[in-house]
Amino acid sequence: MTVITHAEVLVASPGRNFVTLRVTTSDGVTGLGDATLNGRELAVASYLRDHLVPLLIGRDPARIEDMWQYLYRGAYWRRGPVTMTAIAAVDTALWDIKGKVAGLPVYQLLGGRSREGVMVYTHASGPDVPALLDDVARAKELGYRAIRAQTAVPGVAGTYGVKKNGRYEPANASLPEEQPWSTEDYLRFAPSYLAAVRETHGFDFHLLHDVHHRLTPLEAARFGRAVEEVDLFWMEDPTPAENQEAFRLIRQHTTTPVAVGEALTSIWDVQHLITEQLIDYVRMTVVHSGGITHLRRIFDLAALYQVRSGSHGASDLSPVSQAAAVHLDLAIANFGIQEHMGYPDEVADVFHSHVQYADGALDVGDVPGLGVEYDDDAAARYPYEPRYLPVARRLDGSVHDW
Ligand code: CS2
Ligand code: MG
């Protein structure tokens with residue numbers, strides 16, 4: 001019988017930190033899984049190295065569902081980003097192995113293509129409205145059919161989602177940067193710049209906006225109403241998702257579609273959001289939600305309620321996650337949209353991926369497995385460096401949700 005003979009936890013920082021699990025079988029087949037948890041990378045590396053890798057050795061790599069149940073139920077302690085990211089890494093690596101053994105791309109194992117390519121949204125941003133409008137023009141020229149628009153709130157230094165020197169990388173400091181926040185200023189300003197995007201660039205593309213957990217339920221309801229005329233594809237994470245009742249209140253006041261999920265990790269975290277139809281898009285990822293196996297289960301539940309997928313695809317999800325997401329997006333019936341933020345240039349030195357962008361969509365080739373290889377020699381040139389996400393403080397100095 002083929003068994004898992006070893007599993008390595010690879011930590012590298014090509015422009016930003018990534019944790020990768022590589023599982024090897026007795027037949028010499030390897031599979032990759034992303035295990036990156038932005039700003040808490042080494043916690044997952046330890047969970048894998050110290051607790052999961054010893055459990056993998058000698059097990060059958062073909063039993064993906066059983067492995068998921070074994071690692072999830074076997075931990076006794078349930079859910080949470082560290083556990084679910086570690087399980088995701090194992091799960092994704094086993095799908096990669098299964099594809100390579102079968103000689104098929106992973107999307108074929110998931111039921112085959114439901115579509116030609118995966119519609120993506122990219123980020124447009126700028127320090128002020130004219131710069132944002134130019135960036136939207138740039139994205140349109142690149143063929144994107146869906147664009148997320150963010151700009152800095154005047155007087156609020158360091159607003160999330162805005163590029164610096166041509167790139168947006170939120171985990172930018174060796175200790176968390178503290179950024180000011182003013183909900184009042186944001187609420188006054190944001191609807192007007194989204195309207196400016198429509199005035200300048202029209203309605204022939206999907207416009208998205210990330211609220212990044214900043215509002216109270218009533219503020220989010222007001223915001224959703226204020227932007228109804230700009231026809232948002234979605235408003236993302238309008239409130240922190242721990243309080244799920246909030247979305248019922250938002251729904252009562254606005255028809256602006258709602259997307260939630262990047263900080264959630266399991267089907268139980270979104271169960272009521274989905275079954276009570278409080279959201280329109282479930283925005284979880286392979287890496288933080290227990291892998292392909294578990295995210296497929298979430299998307300299938302969502303399909304029963306006409307909730308569509310909208311996978312998180314920020315630069316802190318490695319190209320292994322990105323490839324896994326695209327395979328899943330290609331296969332599921334209720335695909336909505338996939339985020340495509342892009343990576344620092346160095347990332348391609350370490351991860352050789354077959355995911356390709358063309359005409360507003362991502363696709364994978366017909367390479368068996370996920371279609372990503374890891375370059376150890378290149379990775380050795382990029383050692384881990386501590387990097388943290390920022391922390392937000394209101395103008396009176398108290399901590400806010402970042
Ligand atoms: C953002 C992310 O892509 C998004 O929608 O919310 O950039 C998020 O801030 C990071 O993934 C956090 O690690
Ligand atoms: Mg977001």
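1. A quick term to start: buried means under 20% relative accessible area, exposed over 50%, and partly exposed in between, using a 1.4 Å probe and protein chains only. By that measure, E262 is buried, with a relative accessible area of 16%, and E236 is buried too, at 0%.

2. Please keep in mind that this is a predicted model, where local features need pLDDT of at least 70, side-chain atom pairs count only at pLDDT 80 or more, and totals for chains, interfaces and linings use all residues. Residues are numbered from 1 along each chain as its sequence is written, chains are lettered from A and ligands numbered from 1 in the order written, and side-chain values use heavy atoms, leaving out hydrogens and water.

3. Which residues hold the magnesium ion (ligand 2)? D210 (OD), E236 (OE) and E262 (OE) coordinate the ion at 1.9 to 2.2 Å; donors here are N, O and S atoms within 2.8 Å of the metal (3.2 Å for Na, K and Ca), and sites may look incomplete since water is not among the atoms. Along the sequence, the spacing of these donor residues reads D-x25-E-x25-E. E236 sits in strand β8 (residues 232–236), while E262 lies in the loop between β9 (258–260) and α9 (267–275), 26 residues apart.

4. Now look at ligand 1. An oxygen atom of ligand 1 is 2.7 Å from an N or O atom in the side chain of E236, and for the side chain of D210 the distance is 3.1 Å. A polar side-chain atom of N38 lies 2.9 Å from an oxygen atom of ligand 1.

Note on methods
Helix = DSSP H or I, 4+ residues; strand = E, 2+ residues; numbered from the N terminus. Polar contact = N/O pair within 3.5 Å; in protein donor to acceptor, adjacent residues only side chain to side chain.
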